[in-house]
Amino acid sequence: MNSTEDSHNHKHSHGHSHNHGKNANKQALKLSFFIITIYMIIEAIGGFMTNSLALISDAGHMLSDAGALGLSYLAMTFGDRKATEFKTFGYKRFEVLAAFINGLTLIVISLYIFWEAYKRFSQPPEVQSSGMIIIASIGLVVNIIAAYILMKGDKSENLNVRSAFLHVIGDLLGSVGAIIAALLIMFFGWTLADPIASVLVAILIIISAYRVTRDSIHILMEGAPSQIDVTQVRKALEALKNTRDVHDLHVWAISSDTPSLSCHILIDDIRNSPMVMNNAKQILEKQFKIEHTTIQIETPETKCHIQEH
């Protein structure tokens, strides 16, 4: 086998492995989403039937999980769709828009839980602890199953799967809290355990909701990705050989995992433009993981001379 054939087979094998991993991740997200969503509805109904705010709040937390799982799946699915003449960036921003709506919804849910908990602290109602512990225990098992499914996905290859896995782990802890509250009510008659557990879960929800909303607004406002230091990017480009100045530098994100950059680079001699362009692209890809770039080369004599995408 010659080196060309070996290289071709290696690329084919790598591509096949990448596609297989991506499909496995999509299936894991999809299956986990349906499991969590179905049980979320059951737990919400059970919470109202047993009069347990802890269960209702845990169902709210499961809604945040379902939202995270659904967004991750949609991001991977819609990301495969090609751009059109009307949507030149494709559908990558759908993930961000959906995350923003999801974050606002979760903030409203958590505020409702806080208000209900406040009323219950002053007048603790009767809670059916036996039904509460059964539903919370089933919820714990469901979360363990969902976590196992996601754990089998390639978390190192996909950040969406990793974040969804962490969401489910958080909800698993919410189920544990509901079980502890049910046991305290059952054996000690401590009805305040229910609103206390619900407040703890509501805090988890509002922290998660705040982060999702903040990050989505940042992307929608064309903010620079948090993992990219724009000052360092400017310094790296200005340090390139034959470069005099870098201006009109913009770094933003099309979606949470698609950073983009545009800038003007001023050089001494137009004959050096291919070398400067190539070096700039290499630094941006290797050092800062920015592949979607628009760089415009300028000279003191002739500006806007060369533009390359």
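What percentage of the contacts in the protein between residues at least 6 apart in sequence join residues at least 24 apart? The answer is 71%, where a contact means heavy atoms within 4.5 Å.

The model is predicted: local features need pLDDT of at least 70, side-chain atom pairs count only at pLDDT 80 or more, and totals for chains, interfaces and linings use all residues. Residues are numbered from 1 along each chain as its sequence is written, and side-chain values use heavy atoms, with hydrogens and water left out.

**Exercise 1. Describe the overall layout of the protein.**

Step 1. Take the elements. The protein has eight helices and four strands. Helices (H or I, at least four residues) and strands (E, at least two) are DSSP runs, numbered from the N terminus.

Step 2. Put them in order. Along the sequence the pattern reads α-α-α-α-α-α-α-β-β-α-β-β.

Step 3. Turn to burial. The protein has 309 residues, of which 44% count as buried. Buried means under 20% relative accessible area, exposed over 50%, and partly exposed in between (1.4 Å probe, protein chains only).

Step 4. Add the surface. The protein exposes about 16,900 Å², and carbon and sulfur atoms supply 62% of it. Accessible areas come from the Shrake-Rupley method with a 1.4 Å probe; for residues, only the protein chains shown count as cover.

**Exercise 2. Within helix 6, decide whether Thr213 and Leu200 are buried or exposed.**

Step 1. Place the residues. Thr213 is found in helix 6, residues 193–220, and Leu200 lies in helix 6 as well.

Step 2. Read Thr213. Thr213 counts as buried because its relative accessibility is 9%. Leaving aside residues up to four places away in sequence, Thr213 touches Phe100, Gly103, Leu104 and Ile107.

Step 3. Read Leu200. With a relative accessibility of 55%, Leu200 counts as exposed.

Step 4. Look around Leu200. A nonpolar patch on the surface includes Leu200, along with others, among them Phe121, Leu183, Trp190 and Ile207, and its residues have about 970 Å² of accessible area together. Helix 5 (159–188) and helix 6 are the elements that give two or more residues to the nonpolar patch. Patches are made of residues with over 30% relative accessible area and no salt bridge; like charges are joined within 9 Å, and nonpolar side chains (Val, Leu, Ile, Met, Phe, Trp, Tyr) within 5 Å.

**Exercise 3. Work out the surroundings of strand 2.**

Step 1. Count its buried residues. In strand 2 (residues 258–267), ten of ten residues are buried.

Step 2. Separate the two faces. In a regular strand the side chains alternate between the two faces of the sheet. On one side of strand 2 are Thr258, Ser260, Ser262, His264 and Leu266, on the other Pro259, Leu261, Cys263, Ile265 and Ile267, and all are buried.

Step 3. Pair strand 2 with strand 1. Strand 1 (residues 243–255) runs antiparallel to strand 2, joined by nine bridges; two strands pair if DSSP finds at least two bridges between them. His250 has Ser262 as its bridge partner, and Ser255 stands opposite Thr258. The hairpin between strand 1 and strand 2 passes through two residues.

Step 4. Pair strand 2 with strand 3. Seven bridges join strand 2 to strand 3 (residues 292–298) in the parallel sense, and Leu266 has Glu298 as its bridge partner. The β-α-β crossover from strand 2 through helix 8 (residues 273–288) to strand 3 is right-handed. Right-handed here means that, with the strands pointing away from the viewer, the path from the first strand over the helix to the second runs clockwise.

**Exercise 4. Examine salt bridges and the exposure of their partners.**

Step 1. Start from the total. The whole structure holds five salt bridges, each a side-chain nitrogen of Lys or Arg within 4 Å of a carboxyl oxygen of Asp or Glu. Side chains of opposite charge can pair when their charged atoms come close.

Step 2. Take Lys119 and Glu116. Their side chains meet at 3.1 Å, N to O. Both lie in helix 3 (residues 93–122), three residues apart, about one turn of the helix. Lys119 is partly exposed at 37% relative accessibility, whereas Glu116 is buried at 15%.

Step 3. Take Asp215 and Arg214. This salt bridge spans 3.2 Å, N to O. Asp215 is partly exposed at 39%, and Arg214 is partly exposed at 41%.

Step 4. Take Arg271 and Asp269. The closest N and O atoms of this salt bridge are 2.6 Å apart. Arg271 is exposed, with a relative accessible area of 69%, while Asp269 is partly exposed at 23%.
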